[in-house]
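Visitor: I'd like to talk through the empty spaces in this protein. Could you take me round them one by one?

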Amino acid sequence: YEAMGAALRGAGPAVLASGVTVILGLLCLLVSDLSSNKSLGPVAALGIAATMSAMLTLLPTLLALAGRRAFWPFVPQFGSESTETTGIWGRVARFVGRHGRPTAAVVTLALIALAFGITQLRVSGISQSQSFTTSPESVVGEQALERHFPAGIGSPAVIIARQSGGDAVLAAARAVPGVSQVAYLTEAGATAPASAPKVVGGLVEIDATLTDNPDSAGGRATIVRLRTAVHAVPGAEAKVGGFTAINLDVSDASRRDRTVIIPIVLVVIFVVLAVLLRALVAPLVLIVTVVLSFAATLGVCALVFNHVFKFAGADTSFPLFAFVFLVALGIDYNIFLMTRVREETLQIGTRPGVLRGLAVTGGVITSAGVVLAATFSVLGVLPLVFLAELGFAVAFGVLLDTIVVRSLLVPALVYDLGRIVWWPGALARKQVDAERELATTRARGA
């Protein structure tokens with residue numbers, strides 16, 4: 001019971017802060033233009049809140065009731081020696097202490113090199129036939145249709161215009177490159193050019209068959225040209241819809257979302273970290289490492305998707321989802337590490353505090369990262385390209401963040417910066433055991 005009380009007092013604030021950070025990051029999806037993203041944010045945030053509540057109430061209660069038996073078969077004994085600073089993470093901490101600046105430089109350069117792979121990441125969208133890792137019957141049938149008919153015959157573009165300008169819109173659409181045939185929707189539902197068009201509320205429907213696959217890049221380019229042409233018809237008030245147009249609008253909304261939401265998430269995380277750590281330099285350092293880790297992950301994804309899995313590309317929403325999962329969830333490790341470093345800094349100074357914080361949290365952070373990576377890697381067995389790509393991205397990104405960024409880069413940077421990392425907080429000005437810190441540094445060097 002004493003141990004559980006101490007654990008809750010020590011780890012509770014970090015768990016609460018990490019949960020709140022993830023919740024706020026997910027709620028940033030509310031500014032999305034897509035209803036699917038907008039609804040995902042609150043639902044996922046509610047799930048995180050419920051899980052966090054259970055971890056801070058139900059789990060401690062069950063562990064306390066179970067007693068030492070909860071840790072079977074490695075049951076801890078009262079008075080046994082702690083090995084938290086003498087194991088592998090203790091050795092990693094000592095390595096960072098001896099080679100802090102070179103470690104930070106090497107890891108940073110390696111991540112930058114990996115990030116250059118982003119130039120090969122294709123996120124302009126993929127067709128439905130390319131969205132499967134297998135070849136279902138629907139794809140085989142679509143390919144057969146394309147061999148004998150215009151590729152867009154199954155999903156024509158739908159143009160709605162005023163009846164008075166219908167003929168002019170029809171002529172403008174027929175002249176657009178990439179459109180194979182154009183016809184009115186008639187009273188009988190047919191599209192024969194000689195039939196009288198069906199008029200509803202003074203509006204007519206014109207169906208335009210595309211020469212390219214309706215969900216291909218060529219099809220979307222034709223929709224852009226088609227909209228430009230029919231919008232130019234005076235008084236027609238023409239609108240272009242249909243399957244291809246919807247896909248184009250969804251892609252445009254996805255590009256807008258990632259441009260708007262990613263900076264908002266970073267600002268929210270920075271504010272939370274600044275309040276938690278009572279500093280500005282430390283949150284800035286952590287945000288930079290998060291962005292660098294994310295960029296390196298996308299670079300590796302581009303190389304793997306193109307040259308290993310041979311995927312045709314990635315969905316336009318892939319970068320946003322990868323960012324939200326990687327950053328919102330991966331920021332936990334920053335919080336776990338730096339809250340412990342701050343606690344140790346109050347007792348033994350910044351640089352010794354960094355090394356001890358790394359030694360005692362390394363095992364916990366690595367275990368959490370491995371579990372999260374394993375969970376997302378399961379998505380790779382599903383037959384959908386988007387989920388397979390997202391699963392790989394999150395699994396690889398979490399492992400990279402856990403093993404490299406959080407275990408080497410962040411501690412090395414904070415160790416090299418020293419007390420300035422807590423600026424402008426009082427901890428940056430306070431001379432916390434300066435003599436002891438200097439003596440510890442010298443002894444380690446010797």
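**Cavities and a pocket**

Guide: Let us begin with the second largest cavity, which has a volume of about 30 Å³; please keep in mind that this is a predicted model.

Visitor: Which residues line the second largest cavity?

Guide: The lining is made up of L337, L358, T361, G362, I365, R406 and S407, and by class these divide into three nonpolar, three polar and one charged.

Visitor: And which element gives the most to that lining?

Guide: That is α12, with four residues, while α12 (350-377) and α13 each supply at least two.

Visitor: How many cavities of 30 Å³ or more are there in the whole structure?

Guide: The search finds two, and the largest cavity holds about 90 Å³ of space.

Visitor: What lines the largest cavity?

Guide: Its lining includes V290, F294, L326, I331, D401 and R406, and α10 (281-307), α11 (318-348) and α13 (385-417) each contribute at least two residues. Sorted by class, the lining of the largest cavity has six nonpolar, four polar and two charged residues.

Visitor: Switching to pockets, what volume does the second largest one have?

Guide: The second largest pocket has a volume of about 520 Å³, and of the 22 residues lining it, I126, N247, V250, D315 and S317 are the closest to its centre. Two or more lining residues come from each of α2 (35-56) and α9 (243-277), and α9 gives the most, with five.

Visitor: How does the lining of that pocket divide into nonpolar, polar and charged?

Guide: The lining of the second largest pocket has eight nonpolar, 11 polar and three charged residues.

Definitions and conventions:
Residues are numbered from 1 along each chain as its sequence is written. This is a predicted model: local features need pLDDT of at least 70, side-chain atom pairs count only at pLDDT 80 or more; totals for chains, interfaces and linings use all residues. Side-chain values use heavy atoms; hydrogens and water are left out. On a 1 Å grid over the protein atoms alone, a cavity is a set of points where a 1.4 Å probe fits but cannot get out, and a pocket is an open set with protein on both sides within 12 Å along at least five of seven lines; lining residues have an atom within 4 Å of a point. Grid points are joined across faces, edges and corners, and a volume is the space filled by probe spheres set on the points. Ala, Val, Leu, Ile, Met, Phe, Trp, Tyr, Cys and Pro count as nonpolar, Asp, Glu, Lys and Arg as charged, and the others, Gly among them, as polar.
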